[in-house]
Amino acid sequence: MKDLSYLLNTGEVSKILGITITSKFMVEKLKIEPLHFTKTGYLWEDIDEVRVRLAKYLIDSIGKKRA
């Protein structure tokens, strides 16, 4: 069995970011695919990728509202 202990669950991602974020939002809006699926949820690998895509999403959202 592959060691998955380094992966983050969605709750841990939210805690690191300091905001509540859902798996559905990450998949649908940020276009990030989880690295692994479990019975209880998704596991994510790259928190930096989540940060970058979230920032881009927020900037784009603000730009659309001003246009």
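## Close-up views of side-chain pairs and a sheet

**View 1. Phenylalanine 25 is partly exposed, at 23% relative accessible area.** Here buried means under 20% relative accessible area, exposed means over 50%, and partly exposed lies in between (1.4 Å probe, protein chains only). The model is predicted: local features need pLDDT of at least 70, side-chain atom pairs count only at pLDDT 80 or more, and totals for chains, interfaces and linings use all residues. Numbering starts from 1 along each chain as its sequence is written, and side-chain values use heavy atoms, with hydrogens and water left out. Tyrosine 57 is partly exposed too, at 25%.

**View 2. Aromatic rings pair across the chain and within a cluster.** The whole structure holds three aromatic pairs. Phenylalanine 25 and tyrosine 57 form one of them, edge-to-face, with 5.2 Å between centres and 90 degrees between planes. This pair joins distant parts of the chain: phenylalanine 25 sits in helix H2 (residues 23-28) and tyrosine 57 in helix H3, 32 residues apart. Phenylalanine 37 and tyrosine 42 also pair edge-to-face, at 5.1 Å centre to centre and 70 degrees between the planes. Tyrosine 42 is partly exposed, at 29%. Phe37, Tyr42 and Trp44 make up one aromatic cluster. Rings of Phe, Tyr and Trp (its six-membered ring) pair if their centres lie within 6.5 Å; planes under 30 degrees apart are stacked, over 60 edge-to-face, and the rest tilted.

**View 3. Three strands build an open antiparallel sheet.** The strand order is S1-S3-S2. Strand S1 (8-9) and strand S2 (36-37) are the edges, and each pairs on one side only. S2 and strand S3 (residues 42-44) run antiparallel and are joined by two bridges. Histidine 36 has leucine 43 of S3 as its bridge partner. Two strands pair if DSSP finds at least two bridges between them. Strands (E, at least two residues) and helices (H or I, at least four) are DSSP runs, numbered from the N terminus. Sheet strands in general pair through backbone hydrogen bonds, parallel or antiparallel.

**View 4. Arginine 51 and aspartate 48 form a salt bridge in helix H3.** A salt bridge needs a side-chain nitrogen of Lys or Arg within 4 Å of a carboxyl oxygen of Asp or Glu. The whole structure contains three salt bridges. In this one, N and O lie 3.0 Å apart. The partners are three residues apart in helix H3 (residues 47-66), so about one helical turn separates them. Arginine 51 is partly exposed, at 38%. Aspartate 48 is partly exposed as well, at 46%.

**View 5. Glutamate 49 meets arginine 53 in a salt bridge.** The N to O distance is 2.4 Å. Both residues lie in helix H3, four residues apart, about one turn of the helix. Glutamate 49 is partly exposed, at 30%. Arginine 53 is partly exposed, at 31%.

**View 6. Lysine 56 and aspartate 60 form a salt bridge.** Their closest N and O atoms are 2.9 Å apart. Helix H3 holds both residues, four apart, about one turn of the helix. Lysine 56 is exposed, at 52%, whereas aspartate 60 is partly exposed, at 34%. Side chains of opposite charge can pair when their charged atoms come close.
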